[in-house]
Amino acid sequence: MAKQIRIALRNCGVIDPERIEDYIARDGYMALASVLTDLSPEAVIEILKKSGLRGRGGGGFPAGIKWEITRNVVADQKYVVCNADEGDPGAFMDRSILEGDPHVVLEAMTINGYCTGASRGLIYIRAEYPLAVERLKTAMGQSRSMGLLGENILGTGFNFDIDIRYGAGAFVCGEETALIHSMEGLRGEPTVKPPFPSVEGYLKKPTNVNNVETFANIPIIINKGWKWFSSIGTEKSKGTKVFALAGKINNVGLIEVPMGTTLREVIYEIGGGIQYGKAFKAAQTGGPSGGCLTVKHLDTPIDYDNLIAAGSMMGSGGLIVMDEDDCMVAIAKFYLEFTVEESCGKCSPCRIGNKRLFELLEKITQGNGTMDDIDKLRNLGTVIKETSLCGLGQSSPNPVLSTIDNFPEEYHEHVTGKKCRSKVCKSLMQYLVVADKCIGCTLCARNCPVDAISGERKQVHFIDQSKCIKCGACMDKCKFNAIIIN
Amino acid sequence: MAKLETANALMELREALKEKGAALSQANSPLSTIQVKVTMATCGIASGSKPVFEFMKDELSKRNIPAKVTQVGCMGFCYAEPTIEITIPGKSPVIFGYVNLKKADEIIEHFIRKGEEIEGSIQINYETA
Amino acid sequence: MNMVKLIIDGKHVEVPENTTLLKAAKTVGIDIPTLCYFELKDMNIENRPGGCRVCVVEVRGRRNLAPACNTMVAEGMEVFTHNIRVLNARRTVLELILSDHPAECLTCSKNGNCELQSMAQQLGVREIPYAGEQSKYRKDTSPAIIRDVDKCIMCRRCEMMCNDVQTVGALSAVNRGFMAVVAPAFEMNLEKSTCTYCGQCVSVCPTGALTEVDHSRNVINSLADPAKTVVVQTAPAVRAALGEEFGLEPGTLVTGKMVAALRRLGFDYVFDTDFAADLTIMEEGSELLDRLTRYLKGDKEVKLPILTSCCPGWVNFFEHNFPEMLDIPSTAKSPQQMFGPVAKEYFAKKLGIDRKNMIVVSIMPCLAKKYECQREEFKVNGDPDVNYSLSTRELAHLIKQSNIDFNALPEEDFDNPLGASTGAAVIFGATGGVIEAACRTAYELYTGKKLEKVDFTELRGLENIRHATLDFDGLPINIGIAHGLGNARKLLEDIRAGKSQFHAIEIMACPGGCIGGGGQPYHHGNSEIIKQRSAAIYREDSGKPIRKSHENPFIQELYREFLGKPLGEKSHHLLHTHYFDKSVGDFIEE
Ligand SMILES: Cc1cc2nc3c(=O)[nH]c(=O)nc-3n(C[C@H](O)[C@H](O)[C@H](O)COP(=O)(O)O)c2cc1C
Ligand code: SF4
Ligand code: SF4
Ligand code: SF4
Ligand code: SF4
Ligand code: SF4
Ligand code: FES
């Protein structure tokens, strides 16, 4: 059985998240203690840089370098922000960490404060995570009363405290500049980078933004050393990644695997294979704006760079598995619908372009597409990616582009054959009566809500395609399997 | 909770807690006890782990089985929630999935009390750092 | 300053660090198209949201294209501003914008003056391949401004003007994604918001999404009505800008041609708001002196500083935002509204006609005046003192419609008696001008001496907030000046905090003063135009034989014949007003 290694999740499911003693018994706050008493900020940053830890929130920016940049900016006040917005539909890695091991985030943020010179931390968390918020608050209360947060931490004279800020659930507010504006009470929309938050962030002060999972890796790297951490993973992607497995896979859940694990291992060994023994078709990584990986990628080691090369991205760690019953055009449309909803509307390519992508996909799934539309999708998708202001628009066409690249035949079938092989696109389906099997029982005709079926008793029945709304009632009712979908 | 004035105080506390924790699982320790961990993250609670947690706490004590029942975060087996982990001193922990009250009762009676192997255990497929 | 070397389109460029690619390219004659980017150089006004993305360029080594307006130069950078990849992306982005834009150019008031339209032309867009649903919004008409935001391209210039420059905050982005648009909060009507009608949003909107309410039809109808005597007044700033609409150099003074054009349009009397400006000085200057003397005598009732009140945008602003300070501004009406009653109560009587049969039209650089002339307190039995206020732009349209070859017109003089004015009145059009004019008169009235140096150059300029101390024969008078409401807010907050050192403050809502008003010909972000208009105004002043308001013989006659004395009974009734607390009322109504 392929190994999962739990680093970020090491305490999840092990300790009682509401008891600081449990955390301390598992070496909790030891990293903070050793950092505050034995290590200079530079030394800690050096450890992180050598460890090769990259941001787990999507971008994969080296954590040590980010800390160093924030440290090097001279300012009277700096901030540490934990990005716990987690807006990808179906993703719950960060929530699980906060619910199962809240102290690790507090400890890591405090270490970050020490290294960057910040005395205040802010956790931006979606208001839809009440349990995580509760546990964070409990944890903050405990660590404050034990002198692990607040004034004069562990008697070292270092001060650091943390506040919670609530997000209203807009996906784009997970983008760090939008997140900062939202905390400032402004409209939650991204601004052009540079300046990066590390240089000019919350209230125009240097602000180190890291993701929950990134933070969860920090204390143990300090405890176990960068060598240990960098021995796990691939050359350019060190450590592990937590994924939320979802879709047509048997063992839906949270997994944490070393970088470099293949998709095959994830799906067949850890995930228990595809439901009902069906064939694997694709896996979507990187959330709604990731791309899909296909059979040809099954043995590609998963890491930041390979995913990008495959037209997708790591994102925050959603991994949705699709089987032979999924229509890739419909999948692309589904994701586009999400981005159209979630675009902030600030820049024209994303605001209007994604809408147009969606409309083109809709046209194709309704059987009205042309080959020209596929070219349009490709050009528009490329332009949106390369001209959009923030990561949302820069990646939102991925589902379209990668499905066109990997499943061109499905697009062609929809367009030229007016056919959806997965029988998902309703407009392209035809319910037909098989003359040989129909005994003329009239059951279908009596159940059709729009009277599309005609035929005398004991005669073969007929479905009027112009009336049929493709509800499938006839097929469900027929006892003789005389109705099929074409 | 007392304020920790120095890093050393934290280390001492950790050692004490570690020893106590280790003692819980040792077969021959005076402190040893059965440990039950119930997954109480959003996914677990949504699948009904709260009543299971209450049930384990109440029933174990009603049935005079000394045990420490705690809530923990997500173990990752979302497809099989609610999940609980049982550690009998001296033995490796065992995780059960799809635990409802009936299953919980079976776990108490057969797995814990009688030491029988029962269905529904989930193999732990990870290593923890 | 550190210099950075880079290559743009094969040309070597050397510019200071922190220069954008857009500006760096300009230094070597490469003009990268922009839509959302907007700057009024030297006036501290910049809009750089990086939202339209038509300015994208390729930077070697970068995965994505970079917005030139928001990307800083770096040593050794290699930039391509119009290779095939860039051109395709830029055109596609523009096609997208156009796909969500109503193609109504033929009937759009921005036709021929629209930045989106010219960009489509520049990039040679001939069809829109990405047609689809268009975002639709309710059209919103206020007393001065029409919001037709189906035409909004989300450049956010108006938002920047209204929030950052004016600190009014009436406009901001609302909704998300495809339905995102700039609107008042909760998409309520502008009229219900705290909008001051300064019109600065209109003056920067690149499209027809924000335009003025057009009253030229009403004016044409009045002119055609034989029963009406139609009188027109023209504000000082108009003559310094109108020529631009007819291809003349910015800063060309067209006073005489303007008068000629108005006569040809059929106005019965072509008068000058400058006359009323002189009158304003008489009233406001006297009020200043009155308050000052009482203050110096130790009268605790008197509040200083006194604030000018001739800008209706500014009046709206303090009514909304500083309701507890309504007793600080001068009670003198704006020149537009002083002209109204003088025309209808004095001149109409002179002519022997009923005020109802006189139509007063004003030509203004301003949109707030459209609102101002509709205010209830400026009506007599429902008859407004000023019937219609047209912007400089509307006047230009009227002239064009009437087949008048403006440039071929002779120079003509205003009619009397309400057409005579002094240099002091002309400078009302530029920031600092009102207070300079007031000081010219106040000095002489206060000291009883002749003012030798008429030009108070220390009060001029485009600096956001200026101050100067004038010597009134040994008495130092502290003057403050702010243009742009954000700057005004700073001075007001000082007053509120009791920290203000000023005796008198002039405030103009529009950057640059009325020359930069919301009704002026579009400057499209060229601050040189505003500077040229300002220069023209001061040129007109220095060329005038009389340069102090109290020396205007017709003003003297008006007081003799009709008004009595400044601040007198009749003046009080006709030329002064009072202010209202509008801080919350507007909100609650809806
Ligand atoms: C549209 C969009 C949504 C994002 N959402 C999240 C999120 O929910 N959580 C997160 O940690 N990062 C999110 N990010 C990435 C953040 O901008 C940022 O890169 C990250 O928080 C930095 O932390 P890291 O370096 O530890 O990954 C998002 C980015 C984009 C463009
Ligand atoms: S890419 Fe989309 S989400 Fe990002 S700034 Fe542009 S419109 Fe907003
Ligand atoms: S705003 Fe410009 S492009 Fe749009 S209809 Fe008016 S003139 Fe045409
Ligand atoms: S007119 Fe002035 S106050 Fe009103 S919305 Fe426009 S900029 Fe704002
Ligand atoms: S209304 Fe005009 S200025 Fe305002 S965002 Fe829209 S297009 Fe730009
Ligand atoms: S500054 Fe002039 S143009 Fe602007 S609002 Fe005031 S009076 Fe009108
Ligand atoms: S002009 Fe650069 S993004 Fe609009």
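Let me start with ligand 3 in this predicted model, where the residues of the surrounding shell divide into four nonpolar, five polar and three charged. The charged members of that shell include C:Glu104, C:Lys110 and C:Lys151, and among its other residues you will find C:His101, C:Cys105, C:Cys108, C:Asn111, C:Cys114 and C:Gln117.

Ligand 5 is set in a shell that, by class, has ten nonpolar, one polar and one charged residues. Among the residues around ligand 5 are C:Cys152, C:Cys155, C:Cys158 and C:Cys205, together with C:Ile153, C:Met154, C:Val182 and C:Leu210. If you are following on the screen, please look for C:Thr207, which belongs to the surroundings of ligand 3 and also to those of ligand 5.

I will turn now to the empty space inside the protein. Rolling a probe the size of a water molecule over the atoms shows where such space is left, and here the count comes to 14 cavities of 30 Å³ or more. The largest cavity has a volume of about 120 Å³, and of the 15 residues that line it, C:Pro236, C:Pro335, C:Lys369, C:Phe428 and C:Cys514 lie nearest its centre. What classes of residue make up the lining of the largest cavity? There are eleven nonpolar, three polar and one charged.

Finally, a pair of helices in chain C: H8, residues 273–296, packs against H17, residues 553–563, at an angle of about 65 degrees, with their axes 10 Å apart. Because of that angle, H8(C) is described as roughly perpendicular to H17(C), and the crossing of H8(C) and H17(C) is right-handed.

Conventions:
Residues are numbered from 1 along each chain as its sequence is written. Chains are lettered from A and ligands numbered from 1 in the order in which they are written. This is a predicted model: local features need pLDDT of at least 70, side-chain atom pairs count only at pLDDT 80 or more; totals for chains, interfaces and linings use all residues. Side-chain values use heavy atoms; hydrogens and water are left out. A residue is near a molecule or strand if one of its heavy atoms lies within 4 Å of it. Ala, Val, Leu, Ile, Met, Phe, Trp, Tyr, Cys and Pro count as nonpolar, Asp, Glu, Lys and Arg as charged, and the others, Gly among them, as polar. On a 1 Å grid over the protein atoms alone, a cavity is a set of points where a 1.4 Å probe fits but cannot get out, and a pocket is an open set with protein on both sides within 12 Å along at least five of seven lines; lining residues have an atom within 4 Å of a point. Grid points are joined across faces, edges and corners, and a volume is the space filled by probe spheres set on the points. Axes are lines fitted to C-alpha atoms, for helices over the stretch in contact, and angles run from 0 to 180 degrees between N-to-C directions. Helices (H or I, at least four residues) and strands (E, at least two) are DSSP runs, numbered from the N terminus. Angles under 35 degrees count as roughly parallel, over 145 as roughly antiparallel, 65 to 115 as roughly perpendicular and the rest as oblique. A crossing is left-handed if the near helix is turned anticlockwise from the far one by less than a right angle, and right-handed if clockwise.
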